[in-house]
Amino acid sequence: MMPEPIIATTFTLPDEALALLRVVGAVAGPDGWRDALAEAQALLCLLTDRVDTALLERAPRLRVVANAVVGYEHVDVAACRARGIVVTNTPDVLTGATADLTWALILAAVRRLPQAERSLRAGEFRGWGFWDYLGGDLEGRTLGILGMGRIGRAVARRAGGFGMRVVYHSRTALPGDDERALGAERVDFDDLLARSDVLSLHAPLTPETRHTIGRDALRRMRPGSVLINTARGALVDEAALADALREGPLSAAGIDVYEHEPAVHPGLLDLGNVVLLPHIGSATRGTRTEMAMLAARNVHAVLAGRPPVTPVPLAR
Ligand code: DGY
């Protein structure tokens, strides 16, 4: 009898994902995945796992790398393809949760929620004050979106509820009907910087997009504007961001992702006008379960000899 395929997972899976995987193989969990690599035919991994040639050399029987997040800059996709290994990710299932968190950051940064909360906890709330705890407005302002993929579009969809205008900059234009439905206008990068009261980043991290928001771009943003990043930390030069928050033109920022996670630039930690979250864009129980399930479905499909459900695109 053929031995069961080994499925290695770097993280704890929910029961329903384990049940699905056990239909096609034996699962080696977070404590044993490294030892199991030599025999493993499938690997479930996260953005904190580097899937590079060194790892692939230790895993000669791999058929599928099921990355249980949507971003895949930590996976050497070309090296996997050269070895005939399928790479998958988890688009769609985390779009809503990440767009919601983006709006939580927009509101927190613009209305200065952390400052107000810190002040109350410090015993400084002495009763309602007409000129106390003032933030900015959203209605009638312009939301700029860099990268109009699934999450960018979901963020744009929510903007209507806040009465904001939407401009976006993206390599590919949306079909006209989608632009009309979202009320979104495509602009060039300079215009995006010059017109956005709130600029929200939703581009993938590639060598080309690294530090897109560097010192020069920050200098060209509107006085008093707000930067939001729930995509990837290295899209932004964090040292330059700290300077732009201290000296202008930015009035505030909301950041969920960092250049060198888990490290946060000390210049940001020192500032009161930036909301800092620990990379929780997709962190709802339902969404994380869906992400694990989609990764498991991808492994199940490949090991059963079927095409993967959500392979990463050939090029981006
Ligand atoms: C991703 O999926 O790439 C996020 O950063 C984690 O949800």
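The following dialogue examines how several descriptions of this predicted model are justified.

User: Why is C45 called buried?
Analyst: A residue counts as buried when its relative accessible area is under 20%. C45 has a relative accessibility of 0%, so C45 meets that cut-off and is called buried.

User: How do you know that C45 is in no disulfide?
Analyst: A search of the whole structure finds zero disulfides. For C45, the nearest cysteine sulfur is that of C80, at 8.6 Å. A disulfide requires two cysteine sulfur atoms within 2.5 Å, and therefore this pair does not qualify. The converse holds for C80, whose nearest cysteine sulfur is that of C45, 8.6 Å away. C80 is also buried, because its relative accessible area is 0% and the cut-off is under 20%.

User: Why is R219 called exposed?
Analyst: The term applies to a relative accessible area over 50%. R219 has 57%, and therefore R219 is classed as exposed. This residue lies in helix α10.

User: What makes the pair formed by S282 and the ligand a polar contact?
Analyst: The cut-off for two N or O atoms is 3.5 Å. An N or O atom in the side chain of S282 is 2.5 Å from an oxygen atom of the ligand, so the pair is a polar contact. The side chain of R232 also qualifies, because one of its N or O atoms is 2.7 Å from a ligand oxygen. In the case of G71, a backbone N or O atom lies 2.9 Å from an oxygen atom of the ligand, and so the criterion is met again.

User: How much of the ligand does the protein bury?
Analyst: The ligand taken alone exposes 230 Å², and the protein buries 90% of that area. The surrounding residues include L47, V69, V70, L94, H279 and M291.

User: What makes the shell around the ligand a mixed one in terms of residue class?
Analyst: The shell contains five nonpolar residues, three polar ones and one charged one. R232 belongs to the shell, and Arg counts as charged, so R232 is a charged residue.

User: How do you know that D237 caps the N-terminal end of α11?
Analyst: A side-chain oxygen of D237 lies 3.1 Å from the backbone nitrogen of A239. That distance is within 3.5 Å, so the pair satisfies the distance limit for a polar contact. Helix α11 spans residues 238-247, and its buried residues include A240, L241 and L245. Among the elements against which the buried residues of α11 pack are α10 and β11. After α11 comes G248, with a positive phi near 95°.

Key:
Residues are numbered from 1 along each chain as its sequence is written. This is a predicted model: local features need pLDDT of at least 70, side-chain atom pairs count only at pLDDT 80 or more; totals for chains, interfaces and linings use all residues. Side-chain values use heavy atoms; hydrogens and water are left out. A residue is near a molecule or strand if one of its heavy atoms lies within 4 Å of it. A polar contact is a pair of N or O atoms within 3.5 Å; within protein, one must be able to donate a hydrogen and the other to accept it, and residues adjacent in sequence count only if both atoms are side-chain atoms. Accessible areas come from the Shrake-Rupley method with a 1.4 Å probe; for residues, only the protein chains shown count as cover. Buried means under 20% relative accessible area, exposed over 50%, partly exposed in between (1.4 Å probe, protein chains only). Helices (H or I, at least four residues) and strands (E, at least two) are DSSP runs, numbered from the N terminus. Contact means heavy atoms within 4.5 Å.
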